[in-house]
Amino acid sequence: MKSLLFTFSFLFISLAWAQPADLPSDENAIPEVVDSLYREDQFYLGLSFNLVVNDPSSFSQNGFSGGLHFGFIRDMPINERRNVALGVGLGLSSNTYNSNLVIGETVNERTVFRTIENIQDNSDANRFSTNLVEVPIQFRWRTSTPTTFNFWRIYPGFKVGYMYFFRSTFKDGDFLIRQTDVPELNRLRYHATLAIGNGSFNAFVNYSLNDMFDKNAVTVDGDDVGLQIIKFGIEFYFL
């Protein structure tokens with residue numbers, strides 16, 4: 001009798017402590033969800049150094065010429081893996097150019113372009129600034145996956161911009177020249193763009209396909225003003 005009781009007691013304790021091997025250790029755990037329809041790089045922010053080429057022979061930059069641009073791009077994957085996409089967006093760009101080019105006006109409201117030697121010694125400030133609204137279009141290739149946040153990207157593209165604000169300022173002591181209405185401006189801007197990088201850090205270059213000033217812009221020495229812009233710097237992308 002004692003042996004039978006001992007056997008039943010042993011079986012009862014064993015069954016009470018036994019657990020199926022396939023039961024989850026935490027029934028309240030939230031399962032990890034993978035987004036198979038993910039998109040990348042919806043917002044962008046860039047800082048640039050602005051280099052001027054195709055300029056008059058007497059033209060020179062001085063000081064720092066820089067820019068800031070930011071905006072939103074709609075990412076549209078075109079393959080099943082979603083690492084190849086098209087991007088179309090809208091953004092703003094603000095730029096400043098320091099140089100020896102002075103933009104003035106005659107009494108007949110005719111624009112005058114003149115370059116001044118040793119302008120850093122002769123004036124307090126000489127610069128022109130631009131603000132643009134831009135539409136970037138990109139072909140996007142990357143090594144991303146739904147669960148990878150650091151990946152390589154190569155984004156060649158094209159950008160169309162409209163210069164809605166322009167201001168040139170020349171200041172020498174109490175003497176000030178300020179121009180905001182310059183008919184010779186090419187306000188519609190076209191750019192070829194390229195961004196390459198990994199993770200948060202990306203290098204970019206932006207090459208202007210048309211001159212800032214049209215063929216009617218000529219210096220007092222008879223040189224075409226032109227001015228073609230190459231921007232390069234760093235760019236950040238965010239979801």
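# Reading a predicted fold: a tutorial

Mentor: Let's start with one residue: glycine 46 has a relative accessibility of 0%, so glycine 46 counts as buried. Please keep in mind that we are looking at a predicted model.

Trainee: Thanks! Where in the chain is the place of glycine 46?

Mentor: Glycine 46 sits in strand E1, which covers residues 43-53. To see what surrounds a buried residue, we leave out its sequence neighbours. Not counting residues up to four places away in sequence, glycine 46 touches Gly67, Leu68, His69, Ile234 and Glu235. A C-alpha distance adds to the picture: glycine 46 and phenylalanine 70 are 24 residues apart in sequence, and their C-alpha atoms are 6.2 Å apart in space.

Trainee: Before we go further, how far does the predictor trust this model? What is the mean pLDDT of the chain?

Mentor: The mean pLDDT is 86, and 82% of the residues reach 70 or more. A mean can hide local detail, so look along the chain as well. Over residues 4-8, pLDDT stays under 50, and the model has zero contacts for them beyond four places in sequence.

Trainee: And the overall layout? How many helices and strands does the chain have?

Mentor: There are two helices and eleven strands. In sequence order, the pattern reads α-β-β-β-β-β-α-β-β-β-β-β-β.

Trainee: Which share of the contacts in the chain joins residues at least 24 apart?

Mentor: Here we take contacts between residues at least 6 apart in sequence, and 70% of these join residues at least 24 apart. For burial, 38% of the 239 residues are buried. The accessible surface of the chain is about 14,300 Å², and carbon and sulfur atoms account for 60% of that surface.

Trainee: Now the interior. How many residues are in the largest nonpolar core?

Mentor: The largest nonpolar core has 18 residues, and Phe113, Phe166, Met212, Phe213 and Leu227 have the most contacts inside it. Strands E4 (101-105), E6 (125-142) and E7 are the elements that give two or more residues to this core. A second, separate core has six residues, among them Ile73, Tyr155, Ala195 and Phe204.

Trainee: Which residues is leucine 227 in contact with, leaving aside its neighbours within four places in sequence?

Mentor: Leucine 227 is in contact with Val52, Val53, Asn54, Asp55, Pro56, Phe59, Leu101, Phe128, Asp211, Met212 and Phe213.

Trainee: What about aromatic rings? How many aromatic pairs does a search of the whole structure find?

Mentor: The search finds ten aromatic pairs. For each pair, check the distance between ring centres and the angle between planes; planes under 30 degrees apart count as stacked. Tyrosine 97 and phenylalanine 128 form a stacked pair, with 5.0 Å centre to centre and 25° between the planes. Tyrosine 97 lies in strand E3 (residues 84-98) and phenylalanine 128 in strand E6, so this pair ties together parts that are 31 residues apart in sequence.

Trainee: Is tyrosine 97 buried or exposed, and what of phenylalanine 128?

Mentor: Tyrosine 97 is buried, at a relative accessible area of 4%, and phenylalanine 128 is buried too, at 1%. Ring pairs also link Tyr97, Phe113, Phe128, Phe166 and Phe213 into a cluster.

Trainee: Let me try polar residues. Where is the place of glutamine 228, and why does glutamine 228 count as buried?

Mentor: Glutamine 228 is in strand E11 (residues 228-238). Glutamine 228 counts as buried because its relative accessibility is 12%, and the cut-off for buried is under 20%. For a polar side chain, look for a partner: the side chain of glutamine 228 reaches the backbone oxygen of serine 208 at 2.8 Å. Beyond its neighbours within four places in sequence, glutamine 228 has contacts that include Leu51, Val53, Tyr207, Ser208 and Asp211.

Trainee: In which strand does serine 168 lie?

Mentor: Serine 168 lies in strand E7 (residues 152-172), and serine 168 is buried at a relative accessible area of 5%. Leaving aside neighbours within four places in sequence, its contacts are Ile103, Arg127, Phe128, Ile177, Arg178 and Gln179.

Trainee: One last case: what does glutamate 105 count as, by relative accessibility?

Mentor: At 42% relative accessibility, glutamate 105 counts as partly exposed. Glutamate 105 lies in strand E4. Outside its neighbours within four places in sequence, glutamate 105 is in contact with Arg110, Thr111, Val112 and Gln179. The C-alpha atoms of glutamate 105 and aspartate 181 are 10.0 Å apart, with these positions 76 residues apart along the chain counted as their separation.

Terms used: Residues numbered from 1 in each chain as written. Predicted model: local features only at pLDDT ≥ 70, side-chain atom pairs only at ≥ 80, totals over all residues. Heavy atoms only, no water. Helix = DSSP H or I, 4+ residues; strand = E, 2+ residues; numbered from the N terminus. Buried < 20%, exposed > 50% of the residue type's maximum accessible area, 1.4 Å probe, protein only. Contact = heavy atoms within 4.5 Å. Areas by Shrake-Rupley, 256 points an atom, 1.4 Å probe, with all protein chains shown as cover. Polar contact = N/O pair within 3.5 Å; in protein donor to acceptor, adjacent residues only side chain to side chain. Core = buried A, V, L, I, M, F, W, Y, C linked by side-chain atoms within 4.5 Å. pLDDT = per-residue confidence, 0-100. Phe/Tyr/Trp six-rings, centres within 6.5 Å; stacked < 30°, edge-to-face > 60°.
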